[in-house]
Amino acid sequence: KQPGVWMTSDSRHRCRTQLESPPIASHGTGEARYEAIVDFYEENFSGDFADPTTTSLFDLAGSLLDRRGFDLGCGHGHLAREMTRRGAKVVGVDLSGTLLELARSAEEREPLGIRHVQADVASEATLAGETFDLVVANFTLTDIDDLVGSVATIARLLEPGGVFVMS
């Protein structure tokens with residue numbers, strides 16, 4: 001375990017900071033946590049991109065036409081699919097195998113060319129050798145145990161002059 005300050009969010013989306021040792025997702029505790037809320041993602045985050053947060057996220061990202069995008073914590077692929085429809089070539093990464101199964105099923109039903117990868121976004125091995133001109137983290141960083149490692153991954157994968165957008 002790595003001691004330090006870390007953030008979590010509760011069911012009302014309020015964040016709180018705790019000074020203690022967080023569970024490390026790469027040791028198996030993180031994936032199980034996400035598997036337990038798959039239904040929540042499907043019921044609450046599918047199909048509507050008119051909410052103020054997502055609208056602002058896309059506004060900040062700018063034109064997605066011909067962009068190479070990385071959807072950090074893509075979950076069931078909801079945002080990655082919309083990014084692709086708006087012109088980006090997208091790679092989505094998530095820790096949850098069950099959420100990625102949903103994303104891959106959607107890709108099979110309506111192929112858009114999205115590549116889904118199961119990986120710990122805090123790992124130096126994640127997407128090694130690849131770069132992107134757009135990185136999007138939509139409500140994910142508050143749920144990632146190793147925030148420092150995740151930000152290091154973003155910095156490593158983002159091309160010079162690229163755009164990082166988060167909510």
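This is a short dialogue about reading the sheet, its helices and one residue in a predicted model.

Student: Where do I start with the sheet: which strand order does it have?

Tutor: Read the strands across the sheet, not along the chain. Here the order is 5-4-3-6-7, an open sheet of five strands with parallel pairing.

Student: Why is one side of strand 5 and of strand 7 left without a neighbour in the sheet?

Tutor: Strand 5 (115–118) and strand 7 (158–166) sit at the edges with a single partner strand each, so one side of each has no neighbour there. From one strand to the next, the twist averages 20°.

Student: And how many bridges join strand 3 to strand 6?

Tutor: Three, between residues 68–72 and residues 132–137, with the two strands running parallel. For a spot to click on, take Asp71, which stands opposite Val136 in strand 6.

Student: Which strands do helix 4 and helix 5 touch?

Tutor: Look for contacts, then check direction. Helix 4 (residues 78–85) packs on the sheet against strand 3, strand 4 (89–94) and strand 6, and its direction makes about 165° with that of strand 3. Helix 5 (residues 97–109) also packs on the sheet, touching strand 4 and strand 5, at about 165° to the direction of strand 5.

Student: Let's zoom in on Ala80 in helix 4. Buried or exposed?

Tutor: Buried, because its relative accessibility is 0%, and the cut-off for that label is under 20%.

Student: What does Ala80 touch, beyond residues up to four places away in sequence?

Tutor: Asp71, Val90 and Ile114. Also try the C-alpha atoms of Ala80 and His116: they are 36 residues apart along the chain, with a separation of 9.4 Å.

Notes. Residues are numbered from 1 along each chain as its sequence is written. This is a predicted model: local features need pLDDT of at least 70, side-chain atom pairs count only at pLDDT 80 or more; totals for chains, interfaces and linings use all residues. Side-chain values use heavy atoms; hydrogens and water are left out. Two strands pair if DSSP finds at least two bridges between them. Helices (H or I, at least four residues) and strands (E, at least two) are DSSP runs, numbered from the N terminus. Axes are lines fitted to C-alpha atoms, for helices over the stretch in contact, and angles run from 0 to 180 degrees between N-to-C directions. Contact means heavy atoms within 4.5 Å. Buried means under 20% relative accessible area, exposed over 50%, partly exposed in between (1.4 Å probe, protein chains only).
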